Amino acid sequence: MTKTPIFPAFKKLDQDFYYDYQLFISKFPQHCDYTLNNLLVWTKDGYDIEYCWLNDNIVFKNLNLTFINLNPDENVLKLTIVGVKDADDSLKIIFDTYKDVSVEFAPDYFIEKIRDKSKYNIVEDVSNRDYIIEINQLLDKKGSKYENFRYQIKYFLKKYSDNAVVKDLDLTKQATIVEIVNAMHTWPFISSFIESGNDPFKLDAKAINRLFLIQSELFIKHQAIGLYVDSQLQGFSIY
């Protein structure tokens, strides 16, 4: 693994980095947010991301993940550090190097390695907690928490089970991509896509389109399944 460039000499992501990063990130607890695919897909412009090495950690610049905005001040340099090595020294170097800088979206395993946390204003990002799901509880569907979920499943099975089927989707085929994109265009009235919904700027659609553009360059390819009702794609999951 080539650990260059060295902080603060940043470099744009390239194919060589893709391979090194996959090896690097596999050593830590797995969070989907820090997978290479996720970084490229959910950034506002993935190819503007820059990186460098600092104490065997990776520092990202211009990560600009679409779903975080911890420090809206555009004049503040926003860096992200991923790793577990010499956390206190790494932060000291960063803050000594730049006057106006914010370290954002640092993983929990880096935060845990900071010995003197009193030096920093550490704020947990709570805006995406709804994406943290207890799988076993979801499978059991017990209790009042999942009452509405149970109702929705029962309603779907009663109304659509005879005409619904789940199929694997091949994302390497252009026809599949066209089918998925066309399906998304039939969803404008779903609450998450309207102006008052939780995704008025259609970030999900933009991320999916970006995924299709870079799919051929990724070492680890995405898989997908689709839900068809009356032979029409009504829903899909890419993983």
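User: In this predicted model, which residue in β3 stands opposite cysteine 52?

Analyst: Start with the strands. β2 covers residues 50–54, and cysteine 52 falls in that range. β2 runs antiparallel to β3, residues 57–61, and five bridges join them. The residue opposite cysteine 52 in β3 is valine 59.

User: Which are the edge strands of the sheet?

Analyst: The sheet is open and has five strands, with mixed pairing. Their order is β1-β2-β3-β4-β5. An edge strand here pairs on one side only. That gives β1 (11–12) and β5 (101–103).

User: At about what angle does helix α1 run to β3?

Analyst: Helix α1 spans residues 15–25. It lies across β2, β3 and β4 (77–82). Its angle to β3 is about 125 degrees.

User: Helix α3 packs on the sheet too; which strands does it touch?

Analyst: Helix α3 is formed by residues 87–97. Its direction makes about 155 degrees with that of β5, one of the strands it touches. The full set is β2, β3, β4 and β5.

User: Is phenylalanine 149 buried, exposed or partly exposed?

Analyst: Phenylalanine 149 sits in helix α6, residues 147–160. Its relative accessible area is 29%. Buried needs under 20% and exposed needs over 50%, so the value falls in between. Phenylalanine 149 is therefore partly exposed.

User: What separates the C-alpha atoms of phenylalanine 149 and leucine 138?

Analyst: Leaving aside residues up to four places away in sequence, phenylalanine 149 touches Leu138 and Lys141. Leucine 138 is 11 residues from phenylalanine 149 along the chain. Their C-alpha separation is 9.1 Å.

Conventions. Residues numbered from 1 in each chain as written. Predicted model: local features only at pLDDT ≥ 70, side-chain atom pairs only at ≥ 80, totals over all residues. Heavy atoms only, no water. Helix = DSSP H or I, 4+ residues; strand = E, 2+ residues; numbered from the N terminus. Buried < 20%, exposed > 50% of the residue type's maximum accessible area, 1.4 Å probe, protein only. Contact = heavy atoms within 4.5 Å. Pairing = 2+ DSSP bridges. Axes fitted to C-alpha atoms, helices over the stretch in contact; angles between N-to-C directions.
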